[in-house]
Amino acid sequence: MATLNEKKTCSERMENFRRFVWNPETKLFMGRTLINWVWISLYYLAFYVVMSGLFALSIYSLMRTVNPYEPDYQDQLKSPGVTLRPDVYGDRGLQIYYNVSDNKTWEGLVTTLRTFLTAYTPAAQRPNINCTSDTYFIQDTFDGPNKTKLSCKFISDMLQNCSGITDPTFGFPEGKPCFIIKMNRIIKFFPGNGTAPRVDCTYVVSVRANRAAFLLYKQGDETRPLEVDYYPVNGTFNLHYFPYYGKKSQPSYSNPLVAVKFLNITRNVELKIVCKIIGAGITFDNVHDPYEGKVEFKLKIED
Amino acid sequence: IQDDHKLSTSELEEKYGTSISKGLSSARAAEILARDGPNSLTPPKATPEIVKFLKQMVGGFSILLWIGAVFSWISFGIQLAQGAESPFDNLYLGVVLALVVILTGIFAYYQEAKSTNIMASFSKMIPQQALVIRDAEKKELPADQLVVGDIVEIKGGDRIPADIRLIFTQGCKVDNSSLTGESEPQSRSCDFTHDNPLETRNIAFYSTTCVEGTATGIVINTGDRTIIGRIASLASGVGNEKTPIAIEIEHFVYLVAGVAVSIGVLFFIISVSMRYKILDSIIFLIGIIVANVPEGLLATVTVSLSLTAKRMAKKNCLVKNLEAVETLGSTSIICSDKTGTLTQNRMTVAHLWFDNQIYSADTSEDQTTQPFDQSSPSWTALSKIVTLCNRAEFRPGQENLPIMKRVVVGDASETALLKFAEVILGDVMNIRARNKKVAEIPFNSTNKFQLSIHETDDPNDKRFLLVMKGAPERILERCSTIMINGKEEPLDSEKAEAFQTAYMELGGMGERVLGFCHLYLPENEFPDTYQFDTDSMNFPTSNLCFVGLLSMIDPPRSTVPDAVSKCRSAGIKVIMVTGDHPITAKAIAKSVGIISATSETVEDIAKRLNIPVEQVNRREATAAVVNGMELKDMSLQQLDDILCNHSEIVFARTSPQQKLIIVEGCQRQGAVVAVTGDGVNDSPALKKADIGIAMGIAGSDAAKNAADMVLLDDNFASIVTGVEEGRLIFDNLKKTIAYTLTKNIAELCPFLIYIIASIPMPIGTITILFIDLGTDIIPSVALAYEKAESDIMNRRPRNKRKDRLVNEQLAVYSYLQIGIMQSVGAFVTYFTVYAEQGFLPSTLLGVRVDWENNAINDFEDSYGQEWTKYQRMYLQWTGYTAFFVSITIQQVADLIIRKTRRNSIFQQGLFRNKVIWVGIFSQIGIALILTYGLGHVTALNFTPLRFQYWFVAVPFAILIWVYDEVRKLFIRRYPGSWWDKNMYY
């Protein structure tokens, strides 16, 4: 088969390109006459206007079909995520390291807590009502102002020793730090099946994950399991904060919190602690999601 | 250095322990064979397989993908060093990209190896044979069994099977071009003419070809010890030549790679200037490259081509070079041989003249009866002469074969007469047996007649019958009477005139005419004991009775006229190039339509107007019959003139060298030239042609080696089938590419929107690969099975400089129109999924940084719910799946619209191409498996999607179909309009 090889030199290619951009003989600019360019541009303009219109129409009708109060599906939100404050993330998740004698190392942590709790001052909670019942706060009607539903108050006082009021340093300098556990909001989620879910913090006892805790455990130091004070009492999330009806229904809703105060942290050892939320409907065994139903963190207090 | 050429015959016999008359004994030959090994060249060290393999790894788009892979690994390295949480994603991506390149490379390598194998098996299919004298017998042996000392006989057309010292020659000429590069035939004799064995005339070398004559010689070297075996340079194969389709694909690769790189770099710059991290920008770059490169396309093209090649092989076109498939489709001139290609390659009786009347005979390939009027007693007489005055015989044992297929021992005209008689009269051999032959004078060139004397089969008639046939004018000279309606009438000048007219007429049709006469010898002069002596001719050979004329021609194949007219409507010029006589050539050209009924040559016009040839306006003649002698004296300018100005050309009495000149002339006109050939001497023309077509039956090895394609049935009509297939594959490749390119935009837009609007990533790089190499592969191959749109053989051949495979319209329509529609459809699905799970479109804009932040595990959606990182990732994968599904659904519509480029789908038939439906079902099936079967394998980023999301993009799929129907409607309705120019690809 004969070759059809058309070898061109560089200058020929440049020349060809130049002719392509503007060919003076045929008056073609990039292969088209100017008027042709105008036509084609107009066509594409119209085409894209129509396509944008179609897209806008689709999105508009989508917005018309979605429920403004709650999403159609909660496929990914079967069980709530759990977060920790203060939240300092290192390379491998939450890592809270500080030195009791160096206040620079823990001031940031304390500020985080304090800032976080500003949403729970009595002033900030004013729109919400006081709830006393220990059952789910089910609202089928819009009883609040402006077609909203009511939300229960959660005031930082309820965290007692960890409220930052009695101890503005949240126990950090003493080596007995407070942490705040928050459960993620999920609309119409009823945790605990009638029993208030509670927080339970333990060492992560796993050979690889937590050598220090393992060593403690091996030494037969069962006398020193993790000592924790939970606030409110028993570390429960009161059922009257549930269910959540969504941002539009409950604009002033704030998540209930549980504060944990670790009392017997061994110094200078990196400890791995997990705080689980115990309650029906809350799972913490999803291998892919380390924050579902539990929060794990590393804690190291130096002196 | 050997001195065999200096030795005498007897010295040679002694040296090699052989005998010129008896050859070697089989036992001795086997011994030598065991010692020396077979007579074949050790295959030249081809490019090492590993190099070929590696070449596949860097060709085409591979480089781009390698770059992507390397970038992935670099970013993995950086992330690992920074101790990021999940750096392995990039490692995997890099590995996947590398795997893609390697797998497509392996595929391409496998395909190439397979086509090399086809060629190898092809050359094995026709092993070279050599005629050897062994054990005092002539034997046909495979050439690789030859050993030193063998006596071989060669004749014109053969390849010399080993280095041979010639001991007997007759007009032997060899073509040493494989050795010296000069194709001028050199004569060979037994004489020692030069000290240098390479120069002396009495040695013929292995792998050269004997052009004409015959020779006998002793094998003096075999295998690697032959001269050519020692020349290492043989190893260098044919250079890498680019076929039209290879050029088109290269053009396409450049185009797509250009788009990929420029968009990639553009968005790299944009993302860097938007303060994205360099690392992130690199990852975007990888995504953009992957989205832009149609990873599966090159493999698809190869598969489509080989499918077509297979289809053509079924129709008797064996394609040696895959890409030749398409070249045939762009052919604009076919230079065809006459004998065997256009004609049946056998003489057949075409006309008869007796009783002052011309009768036509059936010349088709499978005749079983002859329709002309056989009631006249003259015919009875004529048939008797035809039967008896004939030395040809059927080989025994073929009674069950159709007459036309039986093998005959005898020359071409006698064979024709024998078969003709057999068809009409039945058992000729029996008739001959009943009319016993008593004397015979065979045909010779001085007499120009053949004569035999028979007893008659009538027991009451004791006369001898003398029958004679020969050149009509010579026969007529010997006749004094002529038979009209069974009666002998005196041959007066009026009747002689009638004979002349008939003879001229038949001769003018390019037919070979024979005259027949007979004489019943008077019983009294020639009693049944009479001894006939053919040397003294003791019997009358004049004053015979003229009976009639028969004319024979090698008739055109019955499929050829149709094929030629197809070529004509397909804008392909068919030029006949033959060594035959101009009159015969012209007659055949007329009968097959190469010269159409209405067109005239210059000579015809001159004859009609009764003016000298010089006065005819050459422009008026559409046809031309050019004689080889004229061609010899022509300048290139004149030849170009003829090729340009005449649409119907026949070259007669041409030599093979002139064939080359004609091919070059056609190529100067910018034509893509297909050349058919069978002889050794055709190989230069076959090589020179854009596509060389060798004859499978009549073709010599050399021609087959030089050709790109072999016609297994030697039939011209097969070429036309090939052209049709070639055009079809070009069209279908266009469709495949258009189909494949379209979704690239739907894969690319997500990255661009992601970078600009900072939304969660709509589609993952791995997901893109699943589209490109998963769902899309079978449908794009299925387009290769698409039937032609009606006009395929009614349009002009493709202009190889202007009509590109991937032209601007195709790219623009796919990228900027259908691609955009697909993107819109996919994005609507994406936004629907996110909105129904809690993230309304307004929330999504600008959310990227927080969305991807591992440290945020209470990310708030539009409804106030809070999401962990994993929950968001899972939603993102659901988004990928939704995007993937929408692209798949819309690709179904894309596949359907790509079935045609001009006709409505409803004209083409939605269900005619079943393979398309296989494609559609496979596409949806693979998507279902990926989503629901592998939806739980997190590494693949697929999730079991809610079923209703499969239908979100359906309106857009319908829109694509409707829009394309409208496009095609306007193209059909307003040909040549602005719309046609811009929207037809």
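Student: Is Asn941(B) buried or exposed?
Tutor: Happy to start there, keeping in mind that this is a predicted model. The relative accessible area of Asn941(B) is 14%. A residue counts as buried when that value is under 20%. Asn941(B) is therefore buried.

Student: Where in chain B is Asn941(B) found, and what is its phi near?
Tutor: Asn941(B) sits in the loop that runs between helix H33 (914-933) and helix H34 (954-973) of chain B. Most residues other than glycine have a negative phi. Asn941(B) has a positive one instead, with phi near 65°.

Student: Asn485(B) also catches my eye; is it buried, partly exposed or exposed?
Tutor: Asn485(B) is in the loop between strand E17 (479-484) and strand E18 (487-490) of chain B, and its phi is positive too, near 50°. Its relative accessible area is 46%. Values between 20% and 50% fall in the middle class, so Asn485(B) is partly exposed.

Student: Which backbone atom does the side chain of Asn390(B) reach at 2.8 Å?
Tutor: Let's place the residue first: Asn390(B) lies in the loop between helix H12 (377-388) and strand E12 (393-394) of chain B, and it is buried at 1% relative accessible area. A polar atom of its side chain lies 3.2 Å from the backbone oxygen of Glu414(B). The atom reached at 2.8 Å is the backbone nitrogen of Ala392(B).

Student: What distance separates the C-alpha atoms of Asn390(B) and Glu440(B)?
Tutor: Beyond four places in sequence, Asn390(B) touches several residues, including Leu417(B), Arg432(B) and Lys469(B). Glu440(B) is 50 residues away from Asn390(B) along the chain. The separation of their C-alpha atoms is 9.9 Å.

Student: Which residue offers a backbone oxygen to the side chain of His5(B) at 2.7 Å?
Tutor: His5(B) is in the segment before helix H1 (9-16) of chain B, and at 1% relative accessibility it counts as buried. Among the residues it touches beyond four places in sequence are Arg165(B), Phe192(B) and Asn202(B). The backbone oxygen 2.7 Å from a polar atom of its side chain belongs to Asp195(B).

Student: Which residues of chain A does Gln871(B) contact?
Tutor: Gln871(B) is part of helix H31 (residues 869-897) of chain B, and it is buried at 2% relative accessibility. Setting aside neighbours within four places in sequence, its contacts include Glu866(B) from chain B. From chain A they are Gln76(A), Leu77(A), Ser79(A), Gly81(A), Asp289(A) and Glu292(A).

Student: Which residues of chain A are joined by a cis peptide bond with omega about -10°?
Tutor: Most peptide bonds are trans. In the loop between strand E3 (82-85) and strand E4 (89-90), Pro86(A) is joined to Arg85(A) by a cis bond with omega near -5°. Pro232(A) lies in another loop, between strand E8 (228-231) and strand E9 (257-262). The cis bond with omega about -10° joins Tyr231(A) and Pro232(A).

Student: What is the radius of gyration of chain A?
Tutor: Chain A has 4 helices and 11 strands. For its 303 residues the globule rule gives 19 Å, and chain A is well over that, so it is more spread out than a compact globule. Its C-alpha atoms fill a box of roughly 95 × 55 × 40 Å along the principal axes. The radius of gyration is 31 Å.

Terms used:
Residues are numbered from 1 along each chain as its sequence is written. Chains are lettered from A and ligands numbered from 1 in the order in which they are written. This is a predicted model: local features need pLDDT of at least 70, side-chain atom pairs count only at pLDDT 80 or more; totals for chains, interfaces and linings use all residues. Side-chain values use heavy atoms; hydrogens and water are left out. Helices (H or I, at least four residues) and strands (E, at least two) are DSSP runs, numbered from the N terminus. Buried means under 20% relative accessible area, exposed over 50%, partly exposed in between (1.4 Å probe, protein chains only). Contact means heavy atoms within 4.5 Å. A polar contact is a pair of N or O atoms within 3.5 Å; within protein, one must be able to donate a hydrogen and the other to accept it, and residues adjacent in sequence count only if both atoms are side-chain atoms. The radius of gyration is taken over C-alpha atoms; the globule rule is 2.2 Å times the number of residues to the power 0.38.
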